[in-house]
Amino acid sequence: MSSEEAAAPTKTGTDDDGMSWWYRWICKLAGVLGGISCATMGVWNCVTVNPLNIAAGVWMVLTAFVLFLCEVPFCCQFVEFANAIAARADRLKPWQKALFYCGFSITTLFGNAIAFATGVLYGLASLGKKGDAVSYARLQHQKQGDEEKLAGTTDDSVP
């Protein structure tokens, strides 16, 4: 066990980001599928003689490796620093992951579409939970009452 693994906390700081457990798992699953897609399309892209296609294929394979490293570090057991990077990635806020994943996969969007979708899912998570209808109705009723008081058209002013 290295010093990075010992220094990594056992409980990550993702509980305060407002994501439910099922949404977090959807994001992880999208990351895994995005990694598989990127790796497959990257290797397929490298089977050519065009240097630009080879560079794009290598970039896609690198994107797949980063997705696997951040989302499912147990797939990268041969990499010594995988757990330390996964712990840092888990501490990132959803908007930071969204920016990272979308920015990383924008250059080869067609092959990295699922990786880009993972970034979009994390971006949606950073917007927060939707409010319930009861609190929204109370807010609208209070707002209407405040507007009536300002206009002086409340029922109390009628003699």
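These are my notebook entries on the helices and one loop cysteine of this structure.

**Entry 1: the model and its record.** I am working with a predicted model. I looked up the UniProt entry, which is unreviewed, for "transmembrane region". It lists residues 21–44, 56–79 and 99–125.

I then checked two of those spans against the coordinates. Residues 56–79 are 67% helix and 0% strand. The end C-alpha atoms of that span lie 23 Å apart. Residues 99–125 come out at 74% helix and 0% strand. Here the end C-alpha atoms are 12 Å apart.

**Entry 2: helix H2.** I asked what span H2 should have at 1.5 Å a residue. H2 covers residues 21–46, which is 26 residues, so 38 Å is expected. I find 37 Å between its end C-alpha atoms, which agrees.

Next I looked at burial. The buried residues of H2 include the glycines Gly-31, Gly-34, Gly-35 and Gly-42. Tyr-23, Arg-24, Cys-27 and Lys-28 are also buried, and so are Ala-30, Ser-37 and Cys-38.

What covers them? I noted helix H3 (51–71), helix H4 (82–91) and helix H6 (113–126) among the covering elements.

**Entry 3: H2 against H3.** I took the axes of this pair. They are 7 Å apart, and the packing angle is about 155°. Roughly antiparallel starts over 145 degrees, so H2 and H3 are roughly antiparallel to each other. Their crossing is left-handed.

**Entry 4: H5 against H6.** I repeated the check for helix H5 (residues 94–105) and H6. Their axes come within 7 Å and cross at roughly 160°. That makes H5 roughly antiparallel to H6. H5 passes H6 in a left-handed crossing.

I also listed the residues that meet. From H5 I have Pro-94, Trp-95, Lys-97, Ala-98, Tyr-101, Cys-102 and Ser-105. On the H6 side, the partners include Ala-115, Phe-116, Thr-118, Gly-119 and Val-120. Tyr-122, Gly-123, Ala-125 and Ser-126 of H6 also take part.

**Entry 5: Cys-76.** Where does Cys-76 lie? I find it in the loop between H3 and H4.

Is Cys-76 buried or exposed? Its relative accessible area is 3%. The cut-off for buried is under 20%, so Cys-76 counts as buried.

I then looked for its contacts, leaving out residues up to four places away in sequence. Cys-76 touches Phe-65, Phe-68, Leu-69 and Ala-82. For Phe-65 I took the separation as well. Cys-76 and Phe-65 are eleven residues apart in sequence. In space they are 8.5 Å apart, C-alpha to C-alpha.

Technical notes. Residues are numbered from 1 along each chain as its sequence is written. This is a predicted model: local features need pLDDT of at least 70, side-chain atom pairs count only at pLDDT 80 or more; totals for chains, interfaces and linings use all residues. Side-chain values use heavy atoms; hydrogens and water are left out. UniProt positions are given in the numbering used here, feature names are shortened, and annotations may be inferred rather than shown by experiment. Helices (H or I, at least four residues) and strands (E, at least two) are DSSP runs, numbered from the N terminus. The expected span of a helix is 1.5 Å times one less than its number of residues. Buried means under 20% relative accessible area, exposed over 50%, partly exposed in between (1.4 Å probe, protein chains only). Contact means heavy atoms within 4.5 Å. Axes are lines fitted to C-alpha atoms, for helices over the stretch in contact, and angles run from 0 to 180 degrees between N-to-C directions. Angles under 35 degrees count as roughly parallel, over 145 as roughly antiparallel, 65 to 115 as roughly perpendicular and the rest as oblique. A crossing is left-handed if the near helix is turned anticlockwise from the far one by less than a right angle, and right-handed if clockwise.
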